[in-house]
Structures are given as C-alpha cells and as structure tokens.
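Q: Please examine one part of this structure closely, and set out how that part is built into its surroundings.

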Amino acid sequence: MNQQELVQGDALFEGSAQTWVDGPDQADALPQELLAAPALRFWPLLKGFTSRHRRRASLAAAGYQASRHPKRGLPIAENSTVSRFIGRMIKERHWLAFGLIVANCLAAITGAIMPQLLGSMIDRVAAGHSGDQLMAWVTGLCAVVLGLMLVQGILTFLARRLAAIFGQGMVAAGREYVIRAVLKLPLSKVETASTGDLVTRVTRDVGNMGAMVRWAMPTFVIGVVSLVVTLIGIFVNSWWLALPLVLTLAVMTWAVRDYLRVAPAGYITEGAAYSRLNTSLTETVEGARSVEALGLGRRRLDLTDNDIESASQMERYTMALRAKLFTWQGLAGQLPMAAVAIMGFIGYSQGWVTLGQITAATVYLQQMNGPIDRIIMTVNQMQIGVSSTSRLLGIAAVPADRQTSDQRPADQHLVGRDLTFAYRPGRDVLHDVSLDLRPGERLAVVGPSGSGKSTLGRLLAGINAPRQGVVEVGGVDVMTLPLQQLRTEVALVTQEHHVFVGTIRDNVILAREDATSDEAVWQALTAVEADGWVSRMPDGLDTMIGSGRTALTPGQAQQVALARLVIADPHTLVLDEATSLIDPTTAREVEGSMSSLLGGRTVVAIAHRLHTAHDADRIAVVIDGRIAELGSHDELLALGGEYAKLWMAWTS
Amino acid sequence: MKLFPPDIHAYTQVTSTGATAAARPDEEVPDTRSPLRFVLWLLWQQKGLIAITTILISVWWLPGSLNPRILTMVIDQGIIAGNWSVTWRWTLVMVAIIVVGVAANTAASNISVSSWLVSMFRVTKLVARKVTQMSHVVTRRVPAGEMLSVASSDADAFGAIAESFGRVLAAFLSFLLVSVIVLREHVMLGLVMLIATPLIVILTTPALRPLQRAQMVERERSSKLTGMAVDIVSGLRILRGVGGERTFGDNYARQSQSVRQAGVRTGSWWAVVDAMGTVTNGALLVGLTWLGLREVQLGHLTIGEMVGFFGYAMFLQRPVQTFFDAFQKWTASLVSAEKTIGLLSQEPPWPAQSSAAVVAEGQLIDHPSGFVADPGQLTIIVSAVPDDSAALADRLGRYLPADIERVDLGVSRELKGSAEKQEWQKRAAARAQQVRQDETLAAGDWGVTLDGVDIAQIPLPEVRRRIQVSDAGAVVFAGTLQSLIDPLHSHSRDQAEQALWAASAEDVWDAFADGWQGRIDERGRGLSGGQRQRMVLARSLLLDPEVLVLVEPTSAVDAHTEARIAERLPDFRSGRTTIMTTVSPLWLRQADAIAFLVDGQVLASGSHADLMANCPPYRAVVVRDDSQATAGGGDAASASPTAADSTADHLAGERR
C-alpha cells in the first residue's frame, strides 16, 4: 500500500490512535488479586479474604449499577412504578389475597394449638395422675388433636391452593401486560432496539417476575403468618420461657437486614455473569467454524474460562454473604433451646412454669425455624423479582414517537421535503434532501454504504421522523397517520422471512387482521404463487407453522412474507436490499411472486445491484447525505457522473 | 485452596498431526464408556470435596441428633430433680454442640455449593474444549442448541448430584446414629419411629406422581410460552411494520392462560402434598404422644425421654427426605450423562500422521474439479450454483462437507421404557454412521495439493494457518471493534487501519463513537448485513494468510462499495494467493484468472474478457447474474427488463 493511501487512511479513521490498545484486552479482565490462589497461613488468609471480599462487593455493586443504568437499549422503570404496578395487581384480586391470608392464619393457629394440648397432657401425667381414667382422657385428647390435624391439613390445602390461584393469575396478567407493551413499542424504537435486550427481558426477567409473584410472595405471606402465630403461641405458652426469643429476634432482624442490603446486587451480578457465559459459549459453538478458521480456539476457551471465573467470583461473594447469614441465623435460632433449659430450670424451681410448658416451648422453637428460612429465601427472591419487574415496566415507559391526527391523505402522492436526519446529535446523515415520487414510478436509489440511502428509505416509509423537513403522502405528514393507516399507504419491505408461530392465516393477515376473509387470504396466496403448497398442507390455512411446527422452506417463508404485503396493499413500497438478503435459490423461487407484488405500485428500491438501477424509471444517486444525481439511466450516463463511472466499471 | 472453577486440560493439547490428546494423566479424560461410569468418574474427580461435605453435614446434623438426648437429661435429671449443676453442665454441652453444628452448617453449605460448582463448571469446560477440539466437524454432526444444553442444564444436573452425594452419605450416618440412640432408649417407640418416618415419606409419594406430571405439563406449556415471546420479539419489526399485534398478542395471552391453568393444577398438587405432610407428621406426633404417655404412666419411660422422642421424630424427616431427593437427582443425572457422553466421546476424524511434509508456497490444485490457483494471484471461481463454489472453497481448506444430517444428543422426555431405549440406540447408531462417514473422508489423500503435496500430508493446524477459508457463515464475535478485527492481538494499528480501509469499512468506523473500543454485540447484532460482511473481510485480510479463500465476500454490499473493495483488495493482497467465489463483474475485472465451474468441474478458465468473448455459458451467468441461468449455465438470459424481474435478479445475487 502506498504512502498516499496511508495518509488517507489516517484521516478516515478519526480517533484511531487514541483508542487502539496494544496488548491483550483489559476491559473484561478480573483483578489479579482475585485470581491468585490464596496463601495457606491463617492471618494472611483472613486478611486476604476480607480484602478480596471487598473487591467482590465492589464488582457486585458495579454489576448492579450497570443493570440499573444500561448504556444502550430500553429504559428501566423506577421502583415506585413497580410498587404501584404490584399494588394495583393485588388490588385487582384483593378478595383472593384476603382469603389467602385468612386461610393461612387459621392453618397456623390450628398448628399452634397442638403443642399446648401436648403440654397439658404431659402436665397431667407428671402431676402423678395415673390409671385407666387418665389414659382414657389422654386418648380422648389425642383424638381431638388428630381431628385438629385434619382441619389443619384441609386449611393448609386451601391456603396453598389459594396461593397458587392468586400467584398464577397475577403472573399471567403481568406477562400479558408486558407483551402488550412490547407490541406497542414505537416503530422507530423497534428498528434500533437490540433484540438481545428484549429477548432477555421477555425470558429471564419475565421468569424472575414469575418466581416472585407465583412463589416468593405467597410463601412470604405464609412464612410471616406462621412466624407470627408461632411467636404468639410461645408467648402465650409462657412469657418467661419466651424471654430469650427477644434477643433471638433482634439478632435475626439485624442479620437479615444486613444480608438483604447487599445480597440482591450479588445475585443480580451473578445472573449477569452466567448470561455472559452463555452468550459467549453460544458464540463459540455456533461459530465453531470461524473459530477454527481464524485459529481462535485458545482465545475462545480463555474467554469461557474467564466468564466462568467471573461467575465463580460472584458465587464466592454470595457464598460469603450466606455464610455470615447462616451463622447468625443458626446461632440465634438454636441457642434459645439451651436458654429454655436454663430458664426452664429456674422457672420450674420457682413454680413459674410447668414441665408441659417447657415441652411446648421446645416444640415451638423447632417449629419456628421453617418460617424464618422461608422468609429469608423469599425476600431475596422478591428483591430480584422487583429489579426484573422494573426492567419489564421499562418497556412500557418508552415514549411514543408520533402523534396522530384526523387528516387523511387525499391521494397517493409521496413527497419528501428538505429532509435532514441524524442518529447521533451533531452528525447529520441526510442534509436537506427533497424527493418527489411520481405515483406508479420505479425509483432506484444507489450510493455507497453510509451515504444515507437506507435512512432516506426509512424516512419515506414513515419509520423515523426527520429532524427537519417532512414526508407527506397525499398532503398529510406520514408521522401523523395512525399505524393502521400508514401500513396501507407505504411499506418498508425488509423481507426478513420471519415466520411466526401460528396458523398460515395468522401469518398472512397481519396488516388487516380484523377484516380479512379466508377468500382474501387465498387470493393473496395465489398472487404470490403460494396457493399450491398451502392447499396441500394437512390443515390448509389452519396449519401451524413457525419454529417447532411445520417447517417452511426459505422460499415458502418468503412467499408468506410477500403475501402479507399483498394483504396490506400499500400503494408505495420501499425495498431495502441491505435488509432483504435471501439466497439465490430462494430468490429464483419467489421471482414471480415478487413481480406480482410490485405490479401497479410506486416502488423505491434502495439498490445494491446495478441492473436494479438500470431497469428503473429514475435513479437517485445519494452521496454523503445528498442526492447528487437524479434522472433516468440514459440521462445519468449522458451526465457522465458517479453513476456513469460505476456503470462503466460494471459492464466493461 | 481454590476449590472452583477446576482447571481442565482434557482435549486441548495439539499433537503434531493436528489431532489432540490429553496433556495430563489419563484420569483427566472423562470415562465415556457408559452413563454410569461417566457420573462415577465425575464424582471421583472431587472425592475429597464429597468426603468433606459428608463429614461437615454429619457434624451439622449433630445438634439435631444429640440435643434431644441432652434435653432429655436436662429435664429428667436437672429440672425435675432440681439439680442445678446437671442442668448447666448439660446445657453447656448443648451450647457447644450447637456452636459446632452451626459452624459445620456454614462450612457445609459452602463446601457443598463448591462441590456443585466444581462439577458443573467441569462439564461446561469439557464441552467447550470438546467443541473447540472438534470445531467444524462436530457442528455438522450435532445441533448447536443440543451442545449448549449439555454445557448448561446438563452440567447443572451434574452439579446437583455432586452436591447431594455428600448429603446422602451424611444422612445415612445420621440415620444410623439416631437409630442406635432411640432403640437403646426404648425399643418399641424406637421401632415405631424408625418405621413410621420412612413410611410418611413413602405415603406422600402417590401425590408426588401427579404433581410431577402436572409440573411437566406446566414446564412444557411454559417453555412454549417463552418461545412465543421470543418469536414475537424476533419478528417485532414485522409486527410493528406490517401489523398483526392483536393476533399474536392474543395468541400469547391464550397460551399464558393455559400456563396459568397448568400452574394452578401444579399448585393444587403441591397443596395436597403439603397438607398430607402436615397431617402425617401430626399423626406421627400424636401417635408418639399417646404411646409415650402410656409408657410414662406405666413407668417405662421418663418425661424427658418422651420430649426427646419428639425431637427425633422431627429430625428424622430430614435424612429420609434427603434420600428421596437424591434418588430423583441420580436418575436425572444418568439421563444427562447419556447426552453428555454422546458429545464427549466423539473424536476428531483426522488420521495420525507419521511424518509432516515440509511444503513451500506454490500452486494450489483441486484435483477432482481441476481447479488451479497460481501463487500470488487473484483467482475467482464462477459458478451458476453458489453451493458448488462454496463446496470447492471448503475442499481447498480441508473442511469436511457441510451436507450431513445433524443428530440430536437427547431423546424426547415423553418416551418411556423400551421406546425410550430404542430411541437412544437409534441416536447412537446414527452417530456411529456420521463417524464412519467422516473418517472415510478424512483418511488417505484429500485431493488438493499445495506445491504438489497433498494437503493431507501437512499438519492440520498448519493448513489452517496457511490456507484461510472465510465462508458465508463466518461469525462476528462480540467484543471491541479492535478485538473483532485483530482477535489475536497480533497486528499493529497501522495494519488494522489498512485492512479496514481495504474492506471499505469507513462507515462502520463512523458508527462507533469510541473508535477501536466501540462495543459490538453478540453475532454482530446492530450492524447491517453489509457492515458485518466487511468486518469479516477486514478480519481475514488482517490475518494475511498465504492463501485466502473468500466465499461471496461482498454479496451484501452495494455496488459502489463493492467497486471500491474490488479496487483496494488486490493491492492489499499483492504477492499473496487470493481465491474468491463471486459472479459480480466488478470483481471479475480485477481477477488475474477465472475458473468457470459447471457441475463441480472447471469448464473453462482464463481472463474475464477472454471468457466473455469465448464462453457463452459464462457470459450468461455473469451478465444477468445467476437467477435465470440455472445450473449448467444453460440459455443466456432472456432479458425482460422490468423493475420487477430485476428486483428478483438482484435478490438472487445476495447471500447472507
């Protein structure tokens, strides 16, 4: 490469020297301190551990911040929005919530009576009563307790079932709300939003919200109710024996709050680390051929190992948090048993408590640990759920990109006037472009990549609003048309041959889903030459297609996509070749279908291939965000400009 | 001291033949002879961790197994007898046991999670290494999703079994200990308890079966629902652009409601299990009370002992529950193991080489087709059938043909019994067939020579280094722009800029505010097809291999940009061998030589002008692109220059 070109290269890649980094990637590397194996002596080990723990804490905090304030992608809702949302959903089923709490209370109370009755039996026996009479009384009481057990069983069933109905109903309503929000995303946002971000939201975040609503919230209620009832039982049984519990409760509250202050950040960052691992492993597996061709094997393995290491760091962090919590929880939960022995001795010798009360206290104490476990587990899950819910509600927080008016186009005449547009502020990619489309004409737009021709197409199709200027159809600004109307005026043909999971009919009637007869669907399918294979399908229009169902060939998928446009029936089509990549075999199959779609419509073809341009009525050459040349093929050849130069290169 | 992740060395060391072998002793390489052996191998790798888990959990359960006994002593000999010193001494012992137990619990939970992670990460790493070792060979044989599910969900199942293994051993020990204690205290009550506790767990199992069925239905419906959500998101551009929000929103809502129903059913079965647990546990307690009181009254039992029995009755449920959980995990892990060994037992098909040939630069010849590329030249392969050119490109780089059918690793979960067994066998047989086919292809001469030497004689890593094939499916990896273009950090900024410039990627550069540190999403999401293609091209150019084979490198790029690349690339590659498949005249004019392929054979070769003048089938393919000149390069296109036709035409020229 000669010197002159090099200079040109330098000028082209602005900021290259400042951003190039020699040596391996630093961005994702973990601090060295975390990777080294720690020494095996006690003090250095402990010191090393605390300092590593602090480092991990800051990694977790950073991960949490990153999840709350994404650099790209859709926004995240405020916590207050989340609590309002959850509050509203609970309110909508307040009777269920009420029944759930009542049933749980009753079940817990029945359970709490049992140790009391047990205690009284022991007292009787200990008091030295004996004989058949006593045994008859004991048998009778046992029968009563057994009956209570059955009642408790029924109440438990009721409570859990209500919890299931409540939780499942709420989570269904939640996810349906989210999908409706996704389906309302503004058109301009849809074009730029990362599919990955949305996919994570509708899969993992919906899952987390589900776990919270379906499991965590009801279990939390059950835990709190049982704990409160058991506590009441303990105090009613004997306030003296309950005294140590005050300390227990204080320690527990402190330990749990301490844990919950930091744990969610740890778990959220941990989840992010695992999803990074999944993503990079997916790339490695799906791109195995490229990995092999480029000799990237070692590097990809290092990347996977590094991702596993990151996940391990967060596992260690949450493990340490749990260790601390479990230690306090275990001590606070079990030591009261020893306290009961001491207090019991004093109380019994003073005549304050009976043996029965002591026995009941030990049973209560053991009954208490279950609910406490539950509460801790669920509060953690709920915090993760709230954070996911805020990401979900963020989808609904995207502001609309257009305001509709009542004006309707007078005719089919599409005009762009003085269009200026920028994706990033200060970087206009189109400058004052004006274009008047003659109804029925075929206009080819050509130009190098980055010249703004695709952007022009998107403005003409009403997907993005120009920063300045206006696109009008029949005298009305396209950005003020309701989407339903816009789709029947002008369509951007991306030819993504995405087949939705649904029937063939569902897949075709998209644009006029409310008013399309089977006859119209068949007409559309016939127009794109797809009637043959559809009629051979087992269930005709009702055949389920899409991923995991009857598979379509790429050609058939393409025909379905074209049939959608026949149904939409817009008078103007914007064809963007950059996004309409299909393989040659498929192209051959749909050739006829394509031409019947284009017949009689105004077509703006953003052309990659020169013969597209050659065959068009007019050609617009876009260079650096401006229309440099406009005219028929012959006119442009005569002009001897950019287009002529390229044509010569193509045909010579 | 670093317990996880484990270091894995299996499947990574490259031998001179290009095949790989274990670097460390044999035990590094998994035992893939049977699922059982694999699981045992996996557990054996972390035998120390499992042993420690067992000990710690046994210690953790000590308070549960000893404290009721101590409480008995305190009540009988301390409280009732009014003996203070017995009371505080035994209480102190109890405190000590609790403290030790809590410490052991904390340690046990850490160690058992570590055990889980070691096992899980080990399998994840093994899969990553196996895939990297087998690379293109295995992606042709097994669907990517199947391999990924082994690396994630099956790895998780192995984690679960590793974690629960130590727990099971501990549960067994505790159960024994408690049995001894209770039987020594009171034979009849002890027997009742030892029989009743497992019985309770067994009694709840009939309700577990419908619960599991309900769970399976819920999981299935729910994964279908998730699939629909992903479907909607992936097609969102169409749904918002063309319409159909109501139809698919409603479809989703319908499925969501059916998941809700399944969920309520699952929840109801859970409620049954919970309620039965409450009733059976209560019944055991009442029974013990009744029996106990009778014994107390008869003087066979003290009150303290009876209280102790309550403690044991509650405690014993834990080990029994553990047995049942572990049993389910064990069955699940064997199924996962069957899938895992289906992948890990595969070996690269390349034969061992006795000696590696030393080969200089020279002519690259594909003997079956008669294709010849002279060193240092730009040779273009033209064919009406793009698959033919792509197949030739693959052969030049010693890649096995892509056209074999992939075989799943697992079988449907709905199959049971002998049907399931047959399906497993069918999978194994299909895999064996793949292996035979590949090994036949890989054995002996390959049919492509470099400087007169068959490339099968050259070690595979060297073939890859010297002959680089950039296929149509080349993947853009996530990372910074710099790591995308220069993934091995082997080049200078100057060189990288030149490669970027040669691939005419100025507009991609402009799209990133952070220059070389701009972030690219996974698989190049966010870049247009043309941008992705030029990134791939720039990456290949920068590697600067001796022979670069490019499959349709500019199919998604517009004519202006293509013309620019066609001008710049030959300069960049000057002195190096470049082979390319395309039919674009903009490229053909730049070629040093062109090989025209018909039915996989070189029909004619020469310069563009030559072939245009003297080879009508070639002219037919090139002039009207390839849509109307079908295989064999038949008739010249009957040009019907309507915009409609030409739109289809240009579409024909595009490949992803």
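**A strand and its sheet**

A: In this predicted model, Leu575(A) stands opposite Ala605(A) in β10(A). That strand is the part chosen here, and its neighbours are taken in turn.

On one side, strand β9 (residues 572–576) of chain A pairs with strand β10 (residues 602–606) of chain A in the parallel sense, over 5 bridges. Within this pairing, Leu573(A) has Val603(A) of β10(A) as its bridge partner. Strand β3 (residues 442–446) of chain A also pairs with β10(A) in the parallel sense, here over 4 bridges. In that pairing, Ala444(A) stands opposite Ala605(A).

These strands belong to an open sheet of 6 strands in chain A, ordered β6-β9-β10-β3-β11-β12, in which the pairing is mixed. The edges are taken by β6 (490–493) and β12 (626–631) of chain A; each has a single partner strand, so one side of each is left without a neighbour in the sheet. On average, neighbouring strands of this sheet are turned by 20 degrees against each other, direction ignored.

The surroundings of β10(A) can be read from its burial. Of its 5 residues, 5 are buried, so β10(A) is largely enclosed by the rest of the structure. In a regular strand, side chains alternate between the two faces of the sheet. For β10(A), both faces are covered: Thr602(A), Val604(A) and Ile606(A) are buried on one side, and Val603(A) and Ala605(A) are buried on the other.

The loop that leads into the partner strand deserves a separate remark. Asp569(A) is located between α19 (554–568) and β9 of chain A, in the loop. Although Asp569(A) is not a glycine, its phi is positive, at about 50 degrees. Asp569(A) has 16 C-beta neighbours inside 10 Å and therefore counts as partly exposed.

A residue of chain B offers a parallel case of backbone geometry. Arg398(B), also not a glycine, has a positive phi of about 55 degrees, and it is found in the loop between α11 (386–396) and α12 (417–442) of chain B. Arg398(B) counts as buried because it has 21 C-beta neighbours inside 10 Å.

Finally, the chain that carries the sheet meets its partner chain: 171 residues of chain A are in contact with 169 residues of chain B. The side of chain A that touches chain B comprises 89 nonpolar, 52 polar and 30 charged residues.

Terms used
Residues numbered from 1 in each chain as written. Chains lettered and ligands numbered in written order. Predicted model: local features only at pLDDT ≥ 70, side-chain atom pairs only at ≥ 80, totals over all residues. Pairing = 2+ DSSP bridges. Helix = DSSP H or I, 4+ residues; strand = E, 2+ residues; numbered from the N terminus. Axes fitted to C-alpha atoms, helices over the stretch in contact; angles between N-to-C directions. Buried ≥ 20, exposed ≤ 12 C-beta atoms within 10 Å, placed from the backbone. Contact = placed C-beta atoms within 7 Å. Nonpolar A, V, L, I, M, F, W, Y, C, P; charged D, E, K, R; others polar.
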